[in-house]
Amino acid sequence: MNLPLLPTISTSFIVISAIFIAIGWILIAQNKRKQHKYVMITGAVFALSFFILYMSRTIFIGNTSFGGPEDMKIYYTIFLIFHIFLATTGGVFGIVTLILAFKRNISKHRKIGPITSVIWFFTAITGVAVYLLLYVLYEGEHGQNLFQAIFG
Ligand code: HEM
């Protein structure tokens with residue numbers, strides 16, 4: 001199997017980031033505050049690295065359009081839009097969660113933190129599914145612009 005380098009790295013970054021967020025959640029449940037802080041910041045750094053890598057690839061190389069059967073394309077497109085929606089929401093929630101933490105607005109941080117984490121878990125799961133559909137189960141067409149990649 002010939003896996004593409006950059007998408008494999010960026011998808012791994014989302015997964016690693018989600019694992020750190022899960023560990024960070026366990027840590028704060030055990031009241032390990034310092035570890036929670038550093039593990040969550042590490043998770044955020046991986047999420048940011050994913051974003052930078054993904055955007056650079058979109059700008060400099062182009063995205064990939066779905067290479068599976070024609071009648072599956074519509075389901076793929078809906079799923080991809082769902083994933084993009086989750087990732088964007090997760091990113092915004094992540095920034096707000098971090099700002100609340102650093103401003104020591106801990107009561108609001110505690111309320112939004114679990115929501116951010118769950119959105120991020122689903123972003124990672126759907127991200128892996130998109131990766132599998134584009135590169136592993138079927139062979140997508142590379143070098144497409146973002147619009148072509150989403151809508152074919
Ligand atoms: C799973 C839900 C979450 C809960 C219940 C939670 C809870 C908390 C609590 C109680 C603190 C205060 C610890 C203290 O008193 O020092 C804290 C701090 C912090 N949290 Fe969370 N958190 C959650 C998710 C997150 C997420 C998703 C991030 C970032 C991606 C994050 C980043 C931080 C940071 C950086 C601090 C340290 C703030 C500082 O000391 O200046 N947390 N969190």
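Trainee: Does His-36 count as buried or exposed, and at what relative accessibility?

Mentor: This is a predicted model, and the general idea is to compare a computed relative accessibility with a cut-off, buried being under 20%. His-36 comes to 13% relative accessibility, so this histidine counts as buried.

Trainee: Which atoms coordinate the iron atom of the ligand?

Mentor: To read a metal site, begin with the donor atoms and their distances, and then turn to the angles. Here the NE2 atom of His-36 and the NE2 atom of His-109 coordinate the iron atom of the ligand, at 1.9 to 2.0 Å. The site has six donor atoms, and with angles of 87 to 179 degrees among them its geometry is octahedral.

Trainee: Where in the chain do His-36 and His-109 lie?

Mentor: His-36 belongs to helix α2, which covers residues 33-60, while His-109 belongs to helix α4, which covers residues 106-136, so the pair ties together parts of the chain that are 73 residues apart in sequence. His-109, like the other histidine, should also be checked for burial, and with a relative accessible area of 15% His-109 is buried.

Trainee: What secondary structure does the protein chain have, and what pattern does the chain follow along the sequence?

Mentor: A useful habit is to count the elements before reading their order. The protein chain has five helices and two strands, and, read along the sequence, these follow the pattern α-α-β-α-α-β-α. The C-alpha trace spans about 50 × 25 × 25 Å along its principal axes, and of the 152 residues in the protein chain 36% count as buried.

Trainee: Where is confidence lowest in the protein chain, and where is it highest?

Mentor: Where pLDDT is low, the predicted coordinates should not be read in detail. For the protein chain the mean pLDDT is 93, with 97% of the residues reaching 70 or more. Confidence is lowest in strand β2, residues 141-144, where the mean is 74, and highest in α4, where the mean is 97. Helix α4 is also the element that holds His-109, one of the two histidines of the iron site.

Trainee: Which residues make the nonpolar surface patch?

Mentor: For a patch, one lists the contributing side chains and then asks where they sit. Leu-48, Phe-51, Ile-52, Met-55, Ile-59, Phe-60 and Ile-61 together make a nonpolar surface patch of about 770 Å². Ile-61, one of these residues, is placed in the loop between α2 and β1, the strand of residues 63-65. At 53% relative accessibility Ile-61 counts as exposed, because the cut-off for that class is over 50%.

Trainee: What is the sign of phi in Asn-31 and in Arg-104?

Mentor: Most residues other than glycine have a negative phi, which is the background against which to read these two. Asn-31 is not a glycine, yet its phi is positive, at about 65 degrees. Asn-31 lies in the loop between α1 and α2, and with a relative accessible area of 48% Asn-31 is partly exposed. Phi of Arg-104 is likewise positive, near 60 degrees, in a residue other than glycine. Arg-104 lies in the loop between α3, residues 73-102, and α4, and with a relative accessible area of 64% Arg-104 is exposed.

Trainee: How many residues apart in sequence are Ile-41 and Phe-20, and how far apart are they in space?

Mentor: Separation along the chain and separation in space are two readings, and it helps to set them side by side. Ile-41 and Phe-20 are 21 residues apart in sequence, and their C-alpha atoms are 8.8 Å apart in space. Ile-41 is found in helix α2, where it counts as partly exposed at 28% relative accessibility. Met-40 is also found in helix α2, but at 15% relative accessibility Met-40 counts as buried. The C-alpha atoms of Met-40 and Tyr-138 are separated by 34 Å, the two residues being 98 residues apart along the chain.

Trainee: Where is Pro-7 found, and is Pro-7 buried or exposed?

Mentor: Pro-7 is found in helix α1, and at 6% relative accessibility Pro-7 counts as buried. Between the C-alpha atoms of Pro-7 and Glu-70, which are 63 residues apart along the chain, the separation is 23 Å. Ala-22 has its place in helix α1, residues 5-29, and at 29% relative accessibility Ala-22 counts as partly exposed.

Key:
Residues are numbered from 1 along each chain as its sequence is written. This is a predicted model: local features need pLDDT of at least 70, side-chain atom pairs count only at pLDDT 80 or more; totals for chains, interfaces and linings use all residues. Side-chain values use heavy atoms; hydrogens and water are left out. Donors are N, O and S atoms within 2.8 Å of the metal (3.2 Å for Na, K and Ca); water is not among the atoms, so sites may look incomplete. Four donors count as tetrahedral if all angles lie between 85 and 135 degrees; four count as square planar and six as octahedral if opposite donors are over 155 degrees apart and all others between 65 and 115; anything else is irregular. Helices (H or I, at least four residues) and strands (E, at least two) are DSSP runs, numbered from the N terminus. Buried means under 20% relative accessible area, exposed over 50%, partly exposed in between (1.4 Å probe, protein chains only). Patches are made of residues with over 30% relative accessible area and no salt bridge: like charges are joined within 9 Å, nonpolar side chains (Val, Leu, Ile, Met, Phe, Trp, Tyr) within 5 Å. Accessible areas come from the Shrake-Rupley method with a 1.4 Å probe; for residues, only the protein chains shown count as cover. A salt bridge is a side-chain nitrogen of Lys or Arg within 4 Å of a carboxyl oxygen of Asp or Glu. pLDDT is the predictor's confidence in each residue, from 0 to 100.
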